[in-house]
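Student: Could we go through this model label by label, and ask of each one what earns it?

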Amino acid sequence: WTHQKGACYSTLVPSDEVTVNYRYGLPVITLTLPTKGERCQFTIKPMVVTLGAFLQDVQREDKGIEKAEVFATDGSKVSDATLMEVLLMNDFKLVINNTTYSVSPPKKDKLCSEHATEMEDIKSLVHRLFVAVHLEDHQIRKERELLQKLEYLKEQLLPLEQMKARIVDSADAKTSRLLWVGLALMSTQGGALAWLTWWVYSWDIMEPVTYFITYGSAMAFYAYFVLTKQDYIYPDAKDRQFLHYFYRKSKSQRFNVQRYNKLKEDLAEAEESLRRLRQPLQLRLPIQEINDKD
């Protein structure tokens, strides 16, 4: 039969033996009740139970026990307030009525590998149970939160995206016009130099003019480098002019570039979090449930 503190049963183990073993990480003290003549096991919570509480449990199991005490190996009496965790660190003597038992608890660092394996199995089982019960619910709840966040961010970005598209079109058109104006000016310059060279003046007169025009262009490119810290490369210059028109138009239209960039970053982060979250979800949840939430 089983009791809250101990389990008693008939056995062929010698009746004068008191043993201490560890089961699932907890010490189990087995002894023979003098009146009943049965072996009884007491599972101890060493860091909570005191020696006095353990002795009371023993006397509660066998009403015929009149006296139960514990002595150290040097003969000194152990206080009832001593924790079992401390008592089980060393050998001791258990006195029940007039019978003395020598008890030698096993050292924790010398416990058999079977007990350690049992503890690892219990920990693994608890972990699997926790995952089965709580993890999927947590993932589903987190997915719903991310979907709500994505919907909110997209609603906030929609008017900004429309405004940005209009600004981009305007800036791109102005940049293209500027490029065509540059081409027209260069063509006009070339035609004027040719007309002056062959129809108005001679090459001897126009050669210094073309030299100074070339030198002035070189000075203009160098000034561009001094101001921008970039070489005058046509694609880079075009992008720079596009950004100039874009920010100037954004300011006039009151388009908040910083807020737009922050919303885009938050949206990308939420989408990445949702993608990483759905990988284990697709392995654990039915496809129908995932599609319903999509």
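**Reasons behind the labels**

Tutor: Let us start with Arg-254, which lies in the loop between H5 and H6; please keep in mind that the model is predicted.

Student: Why is Arg-254 called exposed?

Tutor: The relative accessible area of Arg-254 is 78%, and the label exposed asks for over 50%, so Arg-254 qualifies. The backbone of Arg-254 also deserves attention, since its phi is positive, about 60°, although the residue is not a glycine.

Student: Which other residue that is not a glycine has a positive phi, and where does it lie?

Tutor: That is Asn-97, with a phi near 55°, and it is found in the loop between strand S6 (92-96) and strand S7 (99-103).

Student: What makes Ala-68 count as buried or exposed?

Tutor: Ala-68, which belongs to strand S5 (residues 68-72), has a relative accessible area of 15%; since buried means under 20%, Ala-68 is therefore buried. Its C-alpha atom is separated by 5.6 Å from that of Val-95, although the two residues are 27 apart along the chain.

Student: How many of the chain's residues are buried, as a percentage, and what is the order of helices and strands?

Tutor: Buried residues account for 28% of the 294 residues. The chain has seven helices and seven strands, and along the sequence they follow the pattern β-β-β-β-α-β-α-β-β-α-α-α-α-α.

Student: How do you know that Arg-60 and Asp-57 form a salt bridge?

Tutor: The N to O distance between their side chains is 2.6 Å, and a salt bridge requires a side-chain nitrogen of Lys or Arg within 4 Å of a carboxyl oxygen of Asp or Glu, so the pair passes on both distance and residue type. Both residues sit in helix H1 (residues 51-61), three residues apart, or about one turn of the helix. Their accessibility labels are not shared: Asp-57, at 11%, is buried, whereas Arg-60, at 41%, counts as partly exposed.

Student: What makes Glu-161 and Lys-264 a salt bridge?

Tutor: Their closest approach, N to O, is 3.4 Å, and the limit is 4 Å, so the pair is accepted. This pair links distant parts of the chain, Glu-161 being in helix H3 (residues 113-200) and Lys-264 in helix H6 (residues 257-284), 103 residues apart. Partly exposed covers the range between 20% and 50%; Glu-161 at 28% falls within it, and so does Lys-264 at 34%.

Student: How far apart are the closest N and O atoms of Lys-262 and Asp-266, and where do the two residues sit?

Tutor: They are 2.9 Å apart, which is within 4 Å, so this too is a salt bridge. The two residues are four apart in helix H6, and they are therefore separated by about one helical turn. Lys-262 is partly exposed at 45%, while Asp-266, at 18%, counts as buried. By this rule the count comes to four salt bridges, and the three pairs we have discussed are among them.

Student: Why is Trp-195 eligible for the nonpolar patch?

Tutor: Trp-195 lies in helix H3 and has 48% relative accessibility, which makes it partly exposed; patch members need over 30%, so Trp-195 clears that threshold. The patch is formed by Trp-195, Trp-198, Trp-199, Val-200, Tyr-201 and Ile-205, with about 780 Å² of accessible area together. H3 provides its largest share, four residues.

Student: What lines the largest pocket, and how is the lining divided by class?

Tutor: The pocket holds about 760 Å³ of space and is lined by 18 residues, with Gly-182, Met-186, Phe-221, Tyr-232 and Tyr-234 nearest its centre. The classes come to 12 nonpolar, four polar and two charged residues; Gly counts as polar, so Gly-182 is placed in the polar class.

Student: Which helices supply the lining of the largest pocket?

Tutor: H3, helix H4 (203-228) and helix H5 (234-253) each supply at least two residues, and H3 gives the most, with seven.

Definitions and conventions. Residues are numbered from 1 along each chain as its sequence is written. This is a predicted model: local features need pLDDT of at least 70, side-chain atom pairs count only at pLDDT 80 or more; totals for chains, interfaces and linings use all residues. Side-chain values use heavy atoms; hydrogens and water are left out. Buried means under 20% relative accessible area, exposed over 50%, partly exposed in between (1.4 Å probe, protein chains only). Patches are made of residues with over 30% relative accessible area and no salt bridge: like charges are joined within 9 Å, nonpolar side chains (Val, Leu, Ile, Met, Phe, Trp, Tyr) within 5 Å. Accessible areas come from the Shrake-Rupley method with a 1.4 Å probe; for residues, only the protein chains shown count as cover. On a 1 Å grid over the protein atoms alone, a cavity is a set of points where a 1.4 Å probe fits but cannot get out, and a pocket is an open set with protein on both sides within 12 Å along at least five of seven lines; lining residues have an atom within 4 Å of a point. Grid points are joined across faces, edges and corners, and a volume is the space filled by probe spheres set on the points.
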